[in-house]
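This report goes through a protein model one topic at a time. Charged pairs come before backbone angles, and the nonpolar interior comes last.

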Amino acid sequence: MTLINAMRTDFPVVDPDSTLTAAASRFGETGFCSLAVVDQGRLIGVLDSLDVAARAVNGELDPTRALVRHLMRGEPVSCGPETPLDDARRLMLSKRVNTLFVVESGPRLVGVIDLIGLLKAAEAASSAGPELDWNQRVRGEA
């Protein structure tokens, strides 16, 4: 099974010129802990709710004035939609991230998966039995 079978295509994004207050509202509305920062359809960064909370609580930034681009992390961990689930899991563990962004050339953001989603997909794949094409080969249909 690959990411294209398991990724979410309904994910929140935020503009790099949005305020941190607007981004915090997106966190609250969606329940996501990480937001993709997208500029003209291209993935350019990631914003984590913990970073926003820590910096705002410490008084380092005024969330009504500070922009997402000032706090986002560039170069989010990403891979292509045809990446096998095991490879995606290894990448997430090695980079110590809980969200993986799925991109096509550009890099155009097409999906997202978090650790929970990845684990659920891997469990479903292992309990579902053989892939359909394997079943067809066994019956001599392929």
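With which residue does arginine 8 form a salt bridge? The partner is aspartate 10, and the closest N and O atoms of the two are 3.2 Å apart. The model is a predicted one, and these values are computed from it.

**Salt bridges**

Side chains of opposite charge can pair when their charged atoms come close. The structure holds seven such salt bridges. The table lists some of them.

| Pair | N to O distance |
|---|---|
| Arginine 8 and aspartate 10 | 3.2 Å |
| Arginine 26 and glutamate 29 | 3.3 Å |
| Aspartate 51 and arginine 73 | 3.7 Å |

Arginine 8 is partly exposed, because its relative accessibility is 41%, and partly exposed covers the range between 20% and 50%.

Arginine 26 and glutamate 29 belong to one helix, H2 (residues 20-30). Three residues separate the two, about one turn of the helix. Arginine 26 has a relative accessible area of 27% and is therefore partly exposed. Glutamate 29 reaches 57%, so this residue counts as exposed.

The side chains of aspartate 51 and arginine 73 also meet in a salt bridge. This pair links distant parts of the chain, since aspartate 51 lies in helix H3 (residues 49-57) and arginine 73 in strand E4 (residues 73-74), 22 residues apart. Both partners are partly exposed: aspartate 51 has a relative accessible area of 28%, and arginine 73 has 37% relative accessibility. Salt bridges with shared partners join Asp48, Asp51 and Arg73 into one network.

**Positive phi angles**

Most residues other than glycine have a negative phi. Glutamate 75 has a positive phi, near 55°. Its place is the loop between E4 and strand E5 (78-79). With 76% relative accessibility, glutamate 75 counts as exposed.

Arginine 96 is not a glycine either, yet its phi is positive, about 55°. Arginine 96 comes just after H5, in the loop between H5 and strand E6 (99-104). At 77% relative accessibility, arginine 96 is exposed.

**The two sides of helix H5**

Which residues of helix H5 (residues 85-95) are buried? They are Leu85, Ala88 and Met92. These residues cover an arc of only 60° around the axis, so they lie on the same side of H5. Leu93 and Ser94, on the other side of H5, are exposed.

**The nonpolar cores**

In soluble globular proteins, nonpolar side chains tend to be buried together. In this model the largest nonpolar core has 15 residues. Those with the most contacts inside this core are Leu3, Leu85, Leu100, Ile113 and Leu118. At least two residues of this core come from each of helix H1 (3-6), H5, E6, strand E7 (108-114) and helix H6 (115-127). H5 gives the most, with three residues.

Which residues does leucine 85 contact, leaving aside its neighbours within four places in sequence? The contacts of leucine 85 are Met1, Thr2, Leu3, Ala6, Leu118, Ala121 and Ala122. Leu85 thus appears twice in this report: as a buried residue of H5 and among the residues with the most contacts inside the largest core.

There is also a second, separate core of eleven residues. Among them are Leu20, Ala23, Leu47 and Leu71.

How values were computed. Residues numbered from 1 in each chain as written. Predicted model: local features only at pLDDT ≥ 70, side-chain atom pairs only at ≥ 80, totals over all residues. Heavy atoms only, no water. Buried < 20%, exposed > 50% of the residue type's maximum accessible area, 1.4 Å probe, protein only. Helix = DSSP H or I, 4+ residues; strand = E, 2+ residues; numbered from the N terminus. Arc of directions from axis to C-beta. Salt bridge = Lys/Arg side-chain N within 4 Å of Asp/Glu carboxyl O. Core = buried A, V, L, I, M, F, W, Y, C linked by side-chain atoms within 4.5 Å. Contact = heavy atoms within 4.5 Å.
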